[in-house]
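Hi,

Here is the structure I said I'd pass on to you. Have a look at it first, and then read my notes underneath.

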Amino acid sequence: MYRNNLRKKLEKYDPKNFEEIENKQKMLNFLNNNEDCFERSLSIGHFTGSCWIENHDGTKFLLTLHKKIGLWLQLGGHADGDSDIARVALREAHEESGLQHIKLLSEDIFDIGVHLIAAYRNVPAHYHYDVRFLMRAFDEDIKISDESDDLKWFSVPPTHETNLGDGVVRMFKKWKRIK
């Protein structure tokens, strides 16, 4: 029952390329075969919720330089048992940005990604099944959290950076198409 909301969102999601078609199928298989798929304790992987946050007038977007991974990424994190992945993404947006006024622009999925997370300290390598939502911030006063080395508003992806996360350019292109 608690997995039905995400299942419906994933089934409705329209992949834009072969990678997303594969990832959608991987996510549905993982969701259907793992009752504890929202728990970080599932050592093979778990769902995460993240967001593409645009500023109040839709001219910039927010990325974080993730401390553990060392990549510029969208904000997001672990579900920790919460099956409402949009709520997870919104919670993480607040926690990781310090922004007070953020609105989910759609309950529909904006983007998806499945990626292997390398082993770190006592946590074995595992997969993140990341479900991403489009959001708007109505303030731009950001605060770097302890999970980030940096946090910045961009108008275009930082292509001069060699540490740009997978999917950021794809999400940027999707975002520009809907503007």
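At what angle do helix α1 and helix α2 pack, and how far apart are their axes? Before I get to that, please keep in mind that this is a predicted model.

**The helix pair**

Two packed helices are described by the angle between their axes and the distance between the axes. For α1 (residues 4-12) and α2 (residues 18-33), the angle is about 160° and the axes are 10 Å apart. An angle over 145 degrees counts as roughly antiparallel, so α1 and α2 are roughly antiparallel to each other. The way α1 passes α2 is a left-handed crossing.

If you want to find the contact on your screen, pick out L6, R7, L10 and E11 on the α1 side. On the α2 side, look for K24, M27, L28, L31 and N32. Sorted by type, the residues of this contact come out as 5 nonpolar, 1 polar and 3 charged.

**Around E54**

Next, go to strand β1, which covers residues 45-54 and holds E54. Is E54 buried or exposed? Its relative accessible area is 0%, and buried means under 20%, so E54 is buried.

Which side chains does E54 join through polar contacts? One is R136, with a polar contact of 2.5 Å between the side chains. Another is W175, where the polar contact with the side chain of E54 is 2.6 Å. Leaving out residues up to four places away in sequence, E54 also touches several others, including K60, F61, L105 and K179.

**Helix α4**

W175 brings us to α4 (residues 168-178), where W175 is one of the buried residues. Among the others buried in α4 are V168, M171 and F172. What do the buried residues of α4 pack against? They pack against α2 and β1, which you have just met, and also against β2 (61-66), β3 (72-73), β6 (111-117) and β7 (126-137).

**A loop residue**

Last stop: F138, in the loop between β7 and β8 (148-154). Partly exposed lies between the 20% and 50% cut-offs, so F138, with a relative accessible area of 45%, is partly exposed. Setting aside its neighbours within four places in sequence, F138 has H56, H101 and K103 as contacts. If you'd like a distance to check yourself, try F138 to P15: they are 29 Å apart in space, C-alpha to C-alpha, and 123 residues apart in sequence.

Have fun looking around!

Conventions: Residues are numbered from 1 along each chain as its sequence is written. This is a predicted model: local features need pLDDT of at least 70, side-chain atom pairs count only at pLDDT 80 or more; totals for chains, interfaces and linings use all residues. Side-chain values use heavy atoms; hydrogens and water are left out. Helices (H or I, at least four residues) and strands (E, at least two) are DSSP runs, numbered from the N terminus. Buried means under 20% relative accessible area, exposed over 50%, partly exposed in between (1.4 Å probe, protein chains only). A polar contact is a pair of N or O atoms within 3.5 Å; within protein, one must be able to donate a hydrogen and the other to accept it, and residues adjacent in sequence count only if both atoms are side-chain atoms. Contact means heavy atoms within 4.5 Å. Axes are lines fitted to C-alpha atoms, for helices over the stretch in contact, and angles run from 0 to 180 degrees between N-to-C directions. Angles under 35 degrees count as roughly parallel, over 145 as roughly antiparallel, 65 to 115 as roughly perpendicular and the rest as oblique. A crossing is left-handed if the near helix is turned anticlockwise from the far one by less than a right angle, and right-handed if clockwise. Ala, Val, Leu, Ile, Met, Phe, Trp, Tyr, Cys and Pro count as nonpolar, Asp, Glu, Lys and Arg as charged, and the others, Gly among them, as polar.
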